[in-house]
Amino acid sequence: MSLQPLRSLHASRPADRAVLCSRLAEALPPGAFLAGDAVDARYRGAGDAGAEPRFVMRPTSSAEVARCLAACDAAGQPVVVQGGRTGLSGGERVLEGEAVLSLERMASLSAVDRASSSVIAEAGVPLQRVQEAAEAAGLYFGVDLGARGTATVGGNVATNAGGMRVLRYGMYRAQVLGLEAVLADGTVLSSLKGLAKDNAGYDLGQLFIGSEGTLGVVTRAALRLHPKPAGECAAFCALGSVEAAGALLSRLRAALGTALSAFEIILPEIYESVLAHSDAPRPVAARGAVYVLAESHGLDPQREGERFAQELMAACEAGIVEDVALSQSPRDVHRLWALREGCSHHIASLPDCVGCDISLPLATMGAFLTAASAAVRGLDAGARPLVFGHLGDGNLHYIVQTGAPEAVVEAVLRLVREAGGSVSAEHGIGLDKKRWLALSRDRAEIATMRRLKAALDPNAILNRGRIFDPEPEAASGSAGS
């Protein structure tokens, strides 16, 4: 038997766990190590759905994270990393025998550097604080999510979060100028210079973006800020088909370029359901087969606002758009976005919903939606597909209210593969989607992922079983066995 499984089996003995706990308690400030009755149920993961953690570590610095991981690695103790616990793929959910590394106390945010248009945030800083700091400095942060008040920078980086304005500003990866991360053995890798150009060897920070905490723990990030839009306009449109929505997207892109900041889609089932359960007025009189919320962020608000309105009117005259409501004030913009964000809130209030976070080529999206609806209703005649998302970047949140969740998800994701799409657009794989990873990544890609994992976390302690299951040898020595 190799050394690594022996160490893991050794760590599973109660006496050795007690030694580990003692070392960790000494390595952390008072109140930062929790065990037994002191462990709150929230550390089980989103919705308190996981197992009870063996213990919880709440470090306040990268050095403390390094000490925690070095001790756990030496003992073979598996660790799950938690931030705001807003993930939607189960990555933060605790499995039997795991300890929790919570980054909630790492909440320091530097002053905004206006010269470089950047800010340095620790992993536990909520997204909303970054947005507010940028706003106060006359700048803008390019990522926005519905969970902005609780989702944290570390989790955003680890999942390469997307959100509502990827069309203009890109995924979270595009916002990261530099990273600090701690490897499983406690090695600290720090590159927070924030240089726009730095080709001195491998860009190691890129490895951790989107890795879901399986390769290392992101502790700090230097984040890019953007010029603050001088004005914003929004329009809510009713259209006759997904193809018409695609035609409108092409027209607005050609006319507005990078000023087109968002292009969201809402299908009728979820649209009508949200309106029926809220006091929001109908933005447009027409009943469309598809609804679109388009937004423009302009540095020249008058000129770009006029161009935005002109293109929408031209699309109406061309028969692409059936009806449109154009914002006349910031309050109107907020009201239209409230309807779009209401889709996520409404889904959370419904029972028996299962979600697929998918991306598709725009050219295949219409055919996919037709085929998926037929497949879902063929499996469950009473199923309700509730679909909305970020059409500008091909990302749909395909939610289904159904009594046959497993069969429905399987059918939908296999159709995604046939359509040339991905089974995870922005929520990651975590625990819940790993059985479908092979629908989007081939054997060579998954094998290379495993090689990276083995190189950076040879004892497989970090977020074990997320994205893919551990190799049999690593799994056999779990401290939870």
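**Cavity and open sheet in the predicted model**

The largest cavity has a volume of about 30 Å³. The structure, which is a predicted model, holds one cavity of 30 Å³ or more. The lining of the largest cavity is made up of Ala280, Pro281 and Pro283, together with Arg335, Leu336 and Leu339. Sorted by class, this lining comprises five nonpolar residues and one charged residue, whereas no polar residue takes part in the lining. Such empty space is revealed by rolling a probe the size of a water molecule over the atoms.

Elsewhere, the strands were examined. An open sheet is formed by four strands, which follow the order β5-β9-β7-β8 and pair in an antiparallel manner. Because β5 (118-122) and β8 (188-191) each have a single partner strand, they stand at the edges of the sheet, and one side of each is therefore left without a neighbour in the sheet. On average, and with direction ignored, neighbouring strands of this sheet are turned by 15° against each other.

The pairing at the β5 edge can be described further. Strand β5 is joined by five bridges to β9 (residues 217-224), and the two strands run antiparallel; within this pairing, Glu122 stands opposite Arg220 of β9. The sheet is also packed upon by helix α3 (residues 62-75), which touches β7 (176-182) as well as β8 and β9, and the direction of helix α3 makes about 40° with that of β7.

Technical notes
Residues numbered from 1 in each chain as written. Predicted model: local features only at pLDDT ≥ 70, side-chain atom pairs only at ≥ 80, totals over all residues. Heavy atoms only, no water. 1 Å grid on protein atoms, 1.4 Å probe; cavity = no way out; pocket = protein on both sides within 12 Å on 5 of 7 lines; lining within 4 Å. Points joined across faces, edges and corners; volume = space filled by probe spheres on them. Nonpolar A, V, L, I, M, F, W, Y, C, P; charged D, E, K, R; others polar. Pairing = 2+ DSSP bridges. Axes fitted to C-alpha atoms, helices over the stretch in contact; angles between N-to-C directions. Contact = heavy atoms within 4.5 Å.
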